[in-house]
Amino acid sequence: MGLKFATHEAFSRASIEQVFSPSQLRQALHYQVDTFASVYLQNNGNGTFATYALPNRAQISPIRGIIAYDVDGDGNLDLIVAGNLYDAEANTPRADAGNGLWLRGDGHGHFTPVPPVESGFLAPENVTGLALVKTPAGSAVLVANHGDSLQAFTIRRR
């Protein structure tokens with residue numbers, strides 16, 4: 001690509017046909033998606049599900065782990081999410097803007113992001129999964145990071 005486009009600006013303005021040859025485009029996999037948003041599915045109880053996009057703060061990077069749990073003890077399910085995706089093709093930057101997030105549920109399908117400074121949950125690495133575990137001190141969230149240390153966050157209700 002560096003030989004084909006002298007500057008980043010030239011590459012950013014190029015059409016797909018300018019970036020790839022007709023032969024490459026014919027051989028390429030073609031996928032179709034309905035949305036790139038991270039969503040949750042609500043069971044309607046009649047064999048159908050409704051799809052709802054998570055708040056914008058949960059859309060800044062791929063979500064690779066999610067836990068539904070009443071974090072604050074108010075009787076409503078909350079969501080704990082984390083992700084990022086470091087593995088990327090050479091011409092695609094990695095998706096690494098996520099820091100993990102607690103989404104406080106209101107019991108009616110709406111979720112409000114709780115900033116890490118308030119929640120204490122910070123998972124900014126290449127997260128590959130989350131798990132909720134019971135410990136003698138209460139519940140904890142384990143964060144698996146690819147090629148890095150496991151993180152553990154104790155859930156403390158106020």
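**Note on ring contacts and nonpolar cores**

1. In this predicted model, Arg-94 lies over the face of Tyr-86, at 3.9 Å from the ring centre; a charge sits over a ring if NZ of Lys or CZ of Arg is within 6 Å of the ring centre and within 35 degrees of the ring normal. Likewise, the charged end of Arg-104 is placed over the ring of Trp-102, 4.7 Å from its centre.

2. Residues are numbered from 1 along each chain as its sequence is written, and side-chain values use heavy atoms, with hydrogens and water left out. Local features need pLDDT of at least 70 and side-chain atom pairs count only at pLDDT 80 or more, whereas totals for chains, interfaces and linings use all residues.

3. There are four aromatic pairs in the structure (rings of Phe, Tyr and Trp, the last by its six-membered ring, with centres within 6.5 Å; planes under 30 degrees apart count as stacked, over 60 as edge-to-face and the rest as tilted). The rings of Phe-5 and Phe-11 have centres 5.6 Å apart and planes at 70°, so this pair is edge-to-face. Phe-5 is buried, with a relative accessible area of 13%, while Phe-11 is partly exposed, at 30% (buried means under 20% relative accessible area, exposed over 50%, partly exposed in between, with a 1.4 Å probe and protein chains only).

4. Tyr-40 and Phe-111 have ring centres 5.1 Å apart and planes at 80°, so they too are edge-to-face. Both residues are buried, and ring pairs link Tyr-40, Tyr-52 and Phe-111 into a cluster.

5. The largest nonpolar core (buried Ala, Val, Leu, Ile, Met, Phe, Trp, Tyr and Cys residues joined through side-chain atoms within 4.5 Å) has 15 residues, including Ile-80 and Leu-130.
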